[in-house]
Amino acid sequence: MTNLVRWDPFSELRTTMDRLFEEGFSRPWRLLGDQLPVEYSFPVEVSETDTAVDVKAALPGVRPDEVEVSIQNDVLNIRAEHKEQAEEQKRDYYRREIRYGSFHRAIALPNSVDADKAEARFENGILNLHLPKAEAARPKMIKVAAGNGVVSTQ
């Protein structure tokens, strides 16, 4: 006796789409397996106060001397490279998620900053940048005078 199996022409497409939605949007590099492009991105946090823009960038496995930071035309550029150490013996990997190669992010800053006063600190795989705002970008308090020339204090 033979069992009949219903053929679904879209089952493979459905499986691929499920995988895309589960992993693709949150971790798109996982879909590429070992065929990851030579250069890829890394997560950042950008925050702002009245006087500065602060940036945190996660660069696990990267040494401070492998990081390059520049600012040009209000765009912050962070470049790094995580080099794979050569192994003496050939290995067959069952899972390989540690990424090696070049990292690059170009981030448009919310305000002009004074690059000459910028501070960079690298600790535990996190790059912390403190970028003081340029004087022109800082908020200015303007005193308001009453019609009789008396300055109002608020």
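**Entry 1: a cut-off to keep at hand**

I call a residue buried under 20% relative accessible area, exposed over 50%, and partly exposed in between. I start with Asp114, which has 23% relative accessibility, so I file Asp114 as partly exposed. I also note that what I am looking at is a predicted model.

**Entry 2: the overall layout**

I looked up the secondary structure and found one helix and 10 strands. Reading along the sequence, I get the pattern α-β-β-β-β-β-β-β-β-β-β, with the helix ahead of the strands.

How much of the protein is buried? I find that buried residues make up 21% of its 154 residues. I then looked at the exposed surface, which comes to about 12,500 Å². Carbon and sulfur atoms supply 50% of that surface.

I also checked how far apart in sequence the contacting residues are. Of the contacts with a separation of 6 or more, 54% join residues 24 or more positions apart.

**Entry 3: how far to trust the model**

I checked the confidence before going further. The average pLDDT is 79, and 78% of the residues score at least 70.

Which element has the lowest mean pLDDT, and which the highest? Strand β1 (residues 39–40) has the lowest, at 54, while β8 has the highest, at 95. I marked residues 33–39 as well, where the pLDDT is below 50. Beyond near neighbours in sequence, that stretch has 11 contacts in the model. I remind myself that predicted coordinates should not be read in detail where pLDDT is low.

**Entry 4: a four-stranded sheet**

Next I traced an open sheet of four strands, in the order β2-β3-β8-β7. The pairing in this sheet is antiparallel. Which strands are at the edges? They are β2 (44–48) and β7, and each pairs on one side only. I looked up the angle too: neighbouring strands of this sheet are turned by 15° against each other on average, direction ignored.

As a reminder for myself, strands of a sheet pair through backbone hydrogen bonds, either parallel or antiparallel.

I then went through the pairs, starting at the β2 edge:

- β2 and β3 run antiparallel and are joined by five bridges. Here I found Glu45 with Lys56 in β3 as its bridge partner.
- β3 and β8 also run antiparallel, with seven bridges between them. Ala57 has Leu127 in β8 as its bridge partner.
- β7 (residues 119–123) pairs with β8 in the antiparallel sense over five bridges. Glu119 stands opposite His130 in β8.

**Entry 5: a closer look at β8**

Is strand β8 mostly covered or mostly open? I find that β8 (residues 126–132) is mostly covered, with five of its seven residues buried. This is also the strand with the highest mean pLDDT among the elements of the protein.

I followed the chain back to the hairpin of β7 and β8, which has two residues between the strands. There, Asn124 takes a positive phi near 55°.

**Entry 6: salt bridges**

How many salt bridges does the structure hold? I find four. In general, side chains of opposite charge can pair when their charged atoms come close.

I looked at Arg63 and found two partners. The side chains of Arg63 and Asp65 meet in a salt bridge at 3.3 Å, N to O. Arg63 forms another with Glu66, where the closest N and O atoms are 3.5 Å apart. I therefore drew Arg63, Asp65 and Glu66 as one network of salt bridges.

The members of this network sit at various levels of cover. Asp65 is exposed, with a relative accessible area of 61%. Arg63, at 48% relative accessibility, is partly exposed. Glu66 counts as buried, because its 16% falls under the 20% limit.

I also looked up a salt bridge elsewhere, in which the side chains of Lys117 and Asp114 meet at 3.9 Å, N to O. Lys117 is exposed, at 54% relative accessibility, whereas Asp114, from my opening entry, is partly exposed at 23%.

**Entry 7: what surrounds Glu66?**

I went back to Glu66 and asked where it lies. Glu66 is in the loop between β3 (52–58) and β4 (67–72). Which residues does Glu66 touch, leaving out those up to four places away in sequence? My list has Gly61, Arg79, Ala80, Glu81 and Lys83. So my note on Glu66 reads: a buried loop residue, with Arg63 as its salt-bridge partner.

Note on methods
Residues are numbered from 1 along each chain as its sequence is written. This is a predicted model: local features need pLDDT of at least 70, side-chain atom pairs count only at pLDDT 80 or more; totals for chains, interfaces and linings use all residues. Side-chain values use heavy atoms; hydrogens and water are left out. Buried means under 20% relative accessible area, exposed over 50%, partly exposed in between (1.4 Å probe, protein chains only). Contact means heavy atoms within 4.5 Å. Two strands pair if DSSP finds at least two bridges between them. Accessible areas come from the Shrake-Rupley method with a 1.4 Å probe; for residues, only the protein chains shown count as cover. Axes are lines fitted to C-alpha atoms, for helices over the stretch in contact, and angles run from 0 to 180 degrees between N-to-C directions. pLDDT is the predictor's confidence in each residue, from 0 to 100.
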